[in-house]
Amino acid sequence: MDDQTTETALSQTKFGVGQPVLRKEDPTLVRGEGRYTDDINLPNQVYAAMVRSSEPHGIIRSIDTEAAKAMPGVLAVLTGADLAGYGGLKCNLPLKSRDGSPIKYTPRPALPTDKVRFVGDPVACVVAKTIAQARDAAEAVALDIEPLPAVTSAREAAKPGAPQLYDDVPGNIALDYQYGDSAKVAEAFKQAAHVVSMPLVNQRLIVAAMEPRSAIGEFTTADDKWTLHSCSQGVFGLKNMLRDILGTTPDKVRVLTGNVGGSFGMKAAVYPEYVCILHAAKLLGRPVKWTDDRSGSFMSDHHGRDFDMTVETAFDKDGLIQAMRLTGYGNLGGYCAAFGPLLPTVNVTKNIISMYKTPLLEVSTQCVFSNTTLVSAYRGAGRPEGALSIERTMDYAAQQLGIDRFELRKRNFIKAKEMPFKTPAGTTYDCGDFPGLFKEALDRADVKGFAARRRASKREGKLRGLGVACFVETTAAMTTEMGGIRFNDDGTVTIITGTLDYGQGHASAFAQVLADKLGIPFDKIKLLQGDSDQLVTGGGTGGSRSAMTSGTAVAQASDKVIDIGKQLSAHVLEAAAGDIEFAAGRFTIAGTDRAIGIMELAAKVRSGIALPEGMPTTLDVTHVTEAIPGTYPNGVHVVECEIEPDTGLTRVVKYLSINDFGTVLNPMLVEGQVQGGIMQGLGQALMEGAVYDAGGQLVTGSFMDYAMPHAHDAPSIEVANRPIPTKSNPIGAKGCGEAGTSGGLPAVVNAVFDALSEFGIREMEMPMTASKIWQAIEAAKAKKAA
């Protein structure tokens, strides 16, 4: 075995698919050598600061910029009038109301000229030579805004007589969504032996990514081209959104993204600041940089969740689900975000069924404008909300029906032999073993030993609860993706694909696919995602799709490399292409020991060897997949918590998550993804919540008021895999990025209610803070004493 064969074998054994390979980017990041947008500074660069409304709702009477323009270093002060030639920020979702009419909304202007619609709504942009000068001048901009009544709750905003945000959106209802056969569902409820109904509010959340948003706008007159350096979730999609707003052609816009410090859905779309700095860059002929501060992020970054629903479920006499009905409101905020209306409508519809046979489903959601920050995708984006709806229902119904909560789930599970299974949500589960997964979860979590642990906690004066939650997610579906493979002059190989890493570990995972397929040494593989000029398409990262889309693209591109390599190696080895075989990184003449490694072949081709006419001149490949179907990752989470009844303090003390993610490219990365998602679910369950006061002011405007999970809040989280690979993509992967939140949120909530069961407490809005829990316990005690 020669050195290259040994290196290839080592690469495929140690760094192939399924191995817990360390993240390629970590050494760079932990040394502080990452290149985030705010780390970039360009020659002749100037700085922007935004002027934001302190009124939640009001008519813009005037914006006096004269004093600001006269201040030292100020180069420009932009208002909405300066940006009149650009398009608005759109929501292109093809959603329709129950009457068939399209969603009602006005594309958001980068800077409004008529009204402000939430606290933090940007109304002007100041550009100066230094950031200090820009911020000082921003404070000198005088706003005359006539206050109007404000409304922050979707339910209140939809009531007759509520303040109207738009003249052409009656009742503030942008979308009156309805899915399902209302008559059949109504009849199923009429015939049901038991009906369980419960209110369920998913509170508004601040995304709070580690890295605040930042961007630099450039314009080059020589080629009439805009360039935006920005955090994102995919440069190709952001480029297309900008192209539409700027009113130009695709070749005139370039988006560059380096390292990104978290996003969770929030950085996927265009924001007003990007339009402002691109215009200023063209106006001034200089790069313009803007970086948000944390206070600005709390107001201007898209928020998450904010559903106000009622969940109803019809059961027969044996406890089998006959129908589900979800009715309520989704809060859009002051404008319609790019993905905002999708979450409480289509996404929650596709994710509420979970593992249970449900003959009928109806979802009716009114998407409502309010005087709050826009709501859009936040980790899970309708998936955790759907899982919470069904899993709270199962525990709630078990008590009401007098059936053990585990038994109720078992009776309703879709069986493995019933796959593929078509759900009433219009999805078809292709594979899965839900009963087997559930049994293994209960066994591994030692549920049988819980009673003893509960008694031990009670001896210490604590309440102990056990929560279980099942989920089946529907990942982002029917998107194409680019898979480029480039053999570089320095002997490295670059993968080019249109997803984008913002903490997932793509560089290692995709390199593992390439190492497996082509036998290329792992340490020779690079990843390029963040330059729109080098992409021919790109779906971005979101909806737990990257392993399926980019993984498929890389695998299929590798097959094309092999086909080209057989032609080239046949020429080099003086054989017929039909006699060439490829394995373990080597092209071999069948039945002989004559061979050439893929890296050696690439070097020979680069050296300029003579090739017959019509033969490929490079191993490089640019490939675009066909549309890749969505998948159905699923799992079971089992949680135990302890509560101090005298204070309400709650700690999660035991946690198991067992999942079917199909083919696991890298179990270490999957474990990290699941654990991170679980902590976001725990945060929503126990501590996080954005609060507006009656006047429309954001009360939780900083980390002084908005609680986030800390390291000491995290339990030891065991993550296990029980994969059944899907056949819907060649990788067999199902996705895992949001699954931790989908299982974690309902599991923690169910554990808390189980701990409080001795007091008869069955309802409590999230976040289930220590004060809320203590008050509920005291109220239950007082009621019992009375």
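## A salt bridge to start with

A good place to begin is the pair D531 and R254, whose side chains meet in a salt bridge with an N to O distance of 2.7 Å. D531 sits in the loop between β21 (525–528) and α16 (546–573), while R254 belongs to strand β11 (residues 253–256), so this pair ties together parts that are 277 residues apart in sequence. Bear in mind that what you're looking at is a predicted model.

How covered are the two partners? D531 has 7% relative accessibility, so it counts as buried. R254 comes out at 25% relative accessibility and therefore counts as partly exposed.

## More charged pairs

How many salt bridges does a search of the whole structure find? The count is 46. One of them joins E385 to R305, with the closest N and O atoms 3.6 Å apart. E385 lies in helix α11 and R305 in strand β13, so here the parts tied together are 80 residues apart in sequence. Both E385 and R305 are buried.

Next up is the salt bridge between the side chains of E642 and K462, at 3.7 Å from N to O. E642 is part of strand β26 (residues 634–643), and K462 is in the loop between α14 (450–459) and β18, so the pair links parts that are 180 residues apart in sequence. E642 is buried, with a relative accessible area of 13%, whereas K462 is partly exposed, at 25%.

Some charged residues join up in a wider group. A network of salt bridges links E391, D395, R405, R409, R454 and D754.

## Helix α10 and its surroundings

Now for helix α10, which covers residues 343–351 and is mostly covered itself: 7 of its 9 residues are buried. Those buried residues are L343, P344, T345, N347, V348, T349 and N351. What do they pack against? Their partners are the strands β7 (173–179), β13 (304–315), β14 (321–333), β15 (361–369) and β18 (463–472), along with helix α11 (383–401).

Let's zoom in on L343, a residue of α10. L343 has 3% relative accessibility and so counts as buried. Setting aside neighbours within four places in sequence, L343 is in contact with F307, V348, S376, A377, A381 and G382. L343 can also be placed relative to E385, the residue in the salt bridge with R305. L343 and E385 are 42 residues apart in sequence, and their C-alpha atoms are 9.0 Å apart in space.

## Where α18 meets α19

Two helices are worth a look together: α18 (residues 667–686) and α19 (residues 739–755), whose axes come within 7 Å and cross at roughly 40 degrees. The two helices are therefore oblique to each other, and their crossing is right-handed. By class, the contact of α18 with α19 has 9 nonpolar residues, 7 polar ones and no charged ones.

Which residues meet here? On the α18 side they are V674, G677, I678, Q680, G681, L682, Q684, A685 and L686. On the α19 side they are G740, T741, G744, L745, V748, V749 and V752.

N750 is also in helix α19. With 1% relative accessibility, N750 counts as buried. Leaving out neighbours within four places in sequence, N750 is in contact with E391, R392, D395, R409, L466, G467 and V468. Among these contacts, E391, D395 and R409 are members of the salt-bridge network described above.

## Two more residues to find

T479 lies in the loop between β18 and β19 (482–487). Is T479 buried or exposed? At 18% relative accessibility, T479 counts as buried, because the cut-off for buried is under 20% relative accessible area. Not counting residues up to four places away in sequence, T479 touches R545, T549, T625, E626, A627 and I628.

K282 is found in helix α8 (residues 272–284). With 43% relative accessibility, K282 counts as partly exposed. K282 touches F219 and W226, again not counting residues up to four places away in sequence. For a sense of scale, try finding Q556 as well: K282 and Q556 are 274 residues apart along the chain, and their C-alpha atoms are separated by 41 Å.

Definitions and conventions:
Residues numbered from 1 in each chain as written. Predicted model: local features only at pLDDT ≥ 70, side-chain atom pairs only at ≥ 80, totals over all residues. Heavy atoms only, no water. Axes fitted to C-alpha atoms, helices over the stretch in contact; angles between N-to-C directions. Helix = DSSP H or I, 4+ residues; strand = E, 2+ residues; numbered from the N terminus. Parallel < 35°, antiparallel > 145°, perpendicular 65-115°, else oblique. Left-handed = near helix turned anticlockwise from the far one by under 90°. Contact = heavy atoms within 4.5 Å. Nonpolar A, V, L, I, M, F, W, Y, C, P; charged D, E, K, R; others polar. Buried < 20%, exposed > 50% of the residue type's maximum accessible area, 1.4 Å probe, protein only. Salt bridge = Lys/Arg side-chain N within 4 Å of Asp/Glu carboxyl O.
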